[in-house]
Amino acid sequence: MMKVWVMQGSYEGELFSSVHLTQKGCALACISDIIEFLGVDDDETALSVMNDCNPYAETDGDQTEAIEWDQEKLKEMTSEQLWKIFAEWCEMSWDRMADRSYNLDCNTVEIQA
């Protein structure tokens, strides 16, 4: 038996998935997918998305530090750190995800040859 990690999602009714040999690879793919969905490609757009999507903006004020988005920096992190970042992006953008019927998740699967 071999454990693999499967990223699966849907966007506007279209299903997609990818299979990863490592948990870290799957976490990186999940983060990459959500930041692409949100249009994040630099600190400025990350902060803009965060401030536009933040449901607590009225009480917390504007965000001043972006959630990590840079793939080169993310590659240096552990799986645990990456899942926390993925969760932050998901929490920050859940309303935008629901508006566009976007869903993303990861599951482990055991395969046998």
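These notes cover the sheet, the helices and the core of a predicted model.

1. **Sheet.** Three strands form an open sheet in the order S2-S1-S3. The pairing is antiparallel. S2 and S3 (102-111) are the edge strands, each pairing on one side only. From one strand to the next, the twist averages 20°.

2. **The S1-S2 pair.** S1 covers residues 2-11 and pairs with S2 over 7 bridges, in the antiparallel sense. One link to look at joins Trp5 to its bridge partner in S2, His20.

3. **His20.** This residue lies in S2, which spans residues 14-20. Is His20 buried or exposed? Its relative accessibility is 15%. The cut-off for buried is under 20%, so His20 counts as buried. Its side chain makes a polar contact with the side chain of Ser18, at 2.7 Å. Beyond four places in sequence, His20 touches Val4, Trp5 and Met7, and also Gly25, Cys26 and Ala29. The bridge partner Trp5 is thus among the residues that His20 touches.

4. **Ser10.** Ser10 sits in S1. Its relative accessibility is 16%, so Ser10 counts as buried too. Setting aside neighbours within four places in sequence, Ser10 is in contact with Leu15 and Phe16. Ser101, Tyr102 and Asn103 are also in contact with Ser10.

5. **The S1-S2 loop.** Glu12 lies in the loop between S1 and S2. What is its phi? The angle is positive, about 50°, although Glu12 is not a glycine. At 55% relative accessibility, Glu12 counts as exposed, because the cut-off for exposed is over 50%.

6. **H1 on the sheet.** H1 lies across S1, S2 and S3. Relative to S3, H1 runs at about 165°.

7. **H2, two sides.** H2 covers residues 43-53. Which of its residues are buried? They are Ala46, Val49, Met50 and Cys53. Seen down the axis of H2, the buried residues fall within an arc of 100°, so they line one face of the helix. On the other side of H2, Glu44 and Asp52 are exposed. The buried residues pack against two helices, H1 (23-38) and H5 (79-99).

8. **H2, N-terminal end.** Which residue caps this end of H2? Asp42 does. One of its side-chain oxygens lies 3.2 Å from the backbone nitrogen of Glu44. Glu44 is also one of the exposed residues of H2.

9. **Core.** In soluble globular proteins, nonpolar side chains tend to be buried together. The largest nonpolar core here has 31 residues. Which of them touch the most other members? Ile34, Val40 and Trp89 do. S1, H1, H2, H5 and S3 are the elements that give two or more residues to this core. H1 supplies the largest share, 10 residues.

10. **Trp89.** Not counting residues up to four places away in sequence, Trp89 touches Ile34, Ile35, Leu38 and Val40, among others. Ile34 and Val40, named with Trp89 in the core, are therefore also touched by Trp89. Its contacts with Ala46, Val49 and Met50 reach buried residues of H2. Ile67, Glu68 and Trp69 are also among the residues that Trp89 touches.

How values were computed:
Residues are numbered from 1 along each chain as its sequence is written. This is a predicted model: local features need pLDDT of at least 70, side-chain atom pairs count only at pLDDT 80 or more; totals for chains, interfaces and linings use all residues. Side-chain values use heavy atoms; hydrogens and water are left out. Buried means under 20% relative accessible area, exposed over 50%, partly exposed in between (1.4 Å probe, protein chains only). Helices (H or I, at least four residues) and strands (E, at least two) are DSSP runs, numbered from the N terminus. The arc is that of the directions from the helix axis to the C-beta atoms. Contact means heavy atoms within 4.5 Å. A polar contact is a pair of N or O atoms within 3.5 Å; within protein, one must be able to donate a hydrogen and the other to accept it, and residues adjacent in sequence count only if both atoms are side-chain atoms. Two strands pair if DSSP finds at least two bridges between them. Axes are lines fitted to C-alpha atoms, for helices over the stretch in contact, and angles run from 0 to 180 degrees between N-to-C directions. A nonpolar core is a set of buried Ala, Val, Leu, Ile, Met, Phe, Trp, Tyr and Cys residues joined through side-chain atoms within 4.5 Å.
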